[in-house]
Amino acid sequence: RLDYHRGLFGVWSDDDPEAALAHAKRSFNPGLEQSELIGLVVNKWAGSNPQNARVWTEQHLSGPLREQALTDLMIGWTRRSPQLASNWITQSGTASQPLLSAVGTTWAEQEPELAAEWAMAIPYLGARKAATVAVAVEWSRQDPQEAADFFSEAVVSEPEGLDLATVIADVWGTSDPESTAQWVAGLPDGAVRDQAAGTLATVWATRDIDSAVLWSSTIGDDSMRSQVIAHLGATWGALEPERAIEWLVELPAEESGAGLNGAFNSWGVVDRRGMFDWIEVAEPSAIVDNARRSLADVMSQDDILSAIDLSMGISDITSRNDAVARYFRHWRKVDDASAQEW
């Protein structure tokens, strides 16, 4: 039925888009089907008369339905005339991320460099960031090296540089992590490079953890290596926690801390029972204490008594007392009578 309606409204919008929209608004219940059909019509209408399509949308729709229709409208308008669509949205002063992203992404599908130049010239930081990141994502899907070269200066000099580096590392790392690693290594020292490296570590770990671990061993900068290990630990801990922990405990203590925290936190979320069983048979140690605290944090959300029981097993007396007191205070906030009785 939905396919039928798509075909019907697609043809109808060529002849009388306003009548098609009125029918969709009147005859369909609010929901995905109505939203999709209205979006289809305004998208096509914007290809021939964007101003009339915009006026109708603003006068007849409201809330999320209006926002989605305007997004579809901007996509259709940008495909027809990216310069006019981008000029209008810039002059409107809108901070709507969906609208800015729609123009940036759609234009970048056709002319990524022109789209990037437009986005980076938007005077308002929030709008500029939304549009620029949208362009960077689409351009990176097409040609990540070209996108990285174009944005190289903005990555290190503009307020949106952190976001740009992260999205390029994310998209590029999915298809070619080795080349992405070389690009990340060439970024200047600092938060932008470290965050990009952490993003790459997460992406790479889900595809080929052994290669990602090998890469981490080649990183010379302490800050970047620590960030990578932390992200590898968190990602690997959700997939193969015991292997992740075996790797992490062999690293120097100053490097493994954040990675172990991430691995234990991830393990506790995805396999609470398995982590509990591992703790029960492990020899007491600072690492097992860390695991107890991480799992107790997860359990405290819905089983505060079990969290306290688990933290009672922490071998370090100071850490044990701190953990038990913290969970008890939380218990008193949510159920003081039960906590006092206990």
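Trainee: What is the hand of the crossing of α9 and α12, and how do you know it?

Mentor: The crossing of α9 and α12 is right-handed; the word applies if the near helix is turned clockwise from the far one by less than a right angle, while an anticlockwise turn of that kind would be called left-handed. Before we go on, please keep in mind that this is a predicted model, in which local features need pLDDT of at least 70 and side-chain atom pairs count only at pLDDT 80 or more, although totals for chains, interfaces and linings use all residues. Residues are numbered from 1 along each chain as its sequence is written, and side-chain values use heavy atoms, with hydrogens and water left out.

Trainee: What makes α9 and α12 helices in this numbering, and how are their axes arranged?

Mentor: Helices are DSSP runs of H or I with at least four residues, numbered from the N terminus, and here α9 covers residues 125-142 while α12 covers residues 161-175. Their axes come within 9 Å and cross at roughly 20 degrees. That value falls in the class of angles under 35 degrees, which count as roughly parallel (over 145 is roughly antiparallel, 65 to 115 roughly perpendicular, and the rest oblique), and therefore α9 is roughly parallel to α12. Such axes are lines fitted to C-alpha atoms, for helices over the stretch in contact, and the angles run from 0 to 180 degrees between N-to-C directions.

Trainee: Which residues of α9 and α12 meet, and how do they divide into classes?

Mentor: Contact means heavy atoms within 4.5 Å, and by that rule α9 brings Lys-129, Thr-132, Val-133, Ala-136, Val-137, Ser-140 and Arg-141, which meet Asp-163, Leu-164, Val-167, Ile-168 and Val-171 of α12. The residues of this contact divide into 7 nonpolar, 2 polar and 3 charged, where nonpolar stands for Ala, Val, Leu, Ile, Met, Phe, Trp, Tyr, Cys and Pro, charged for Asp, Glu, Lys and Arg, and polar for the others, Gly among them.

Trainee: Which helix gives the most to the largest nonpolar core, and what makes a set of residues a nonpolar core?

Mentor: A nonpolar core is a set of buried Ala, Val, Leu, Ile, Met, Phe, Trp, Tyr and Cys residues joined through side-chain atoms within 4.5 Å. The largest one has 100 residues, of which Met-74, Phe-151, Trp-183, Trp-215 and Leu-232 touch the most other members, and α9 gives the most to this core, with 8 residues. Beyond four places in sequence, Phe-151 touches Ala-116, Met-120, Thr-132, Val-135, Ala-136, Trp-139, Leu-164 and Ile-168.

Trainee: How do you know whether Ile-38 is buried or exposed?

Mentor: Buried means under 20% relative accessible area, exposed means over 50%, and partly exposed lies in between, with a 1.4 Å probe and protein chains only. Ile-38 has a relative accessible area of 0%, so it is buried. This residue is found in helix α3, and, leaving aside neighbours within four places in sequence, Ile-38 is in contact with Leu-21, Ala-24, Lys-25, Leu-61, Leu-65 and Ala-69.

Trainee: Why is Ser-35 called buried?

Mentor: Ser-35 has 19% relative accessibility, and therefore counts as buried. The place of Ser-35 is also in helix α3, which covers residues 32-48, and beyond four places in sequence Ser-35 touches Leu-65 and Gln-68.

Trainee: And why does Thr-106 count as buried?

Mentor: Thr-106 stands at 3% relative accessibility, so the word buried applies to this residue. Thr-106 is found in helix α7, residues 97-110, and its contacts outside four places in sequence are Ile-75, Thr-78 and Arg-79.

Trainee: How are α7 and α8 packed, and what is their arrangement called?

Mentor: α7 and α8 (residues 112-120) pack at an angle of about 150 degrees, with their axes 6 Å apart, and that angle makes α7 roughly antiparallel to α8. In α7, Leu-100, Val-103, Gly-104, Trp-107, Ala-108 and Gln-110 meet Pro-112, Leu-114, Ala-115 and Trp-118 in α8. By class, this contact has 8 nonpolar, 2 polar and no charged residues.

Key
Helix = DSSP H or I, 4+ residues; strand = E, 2+ residues; numbered from the N terminus.
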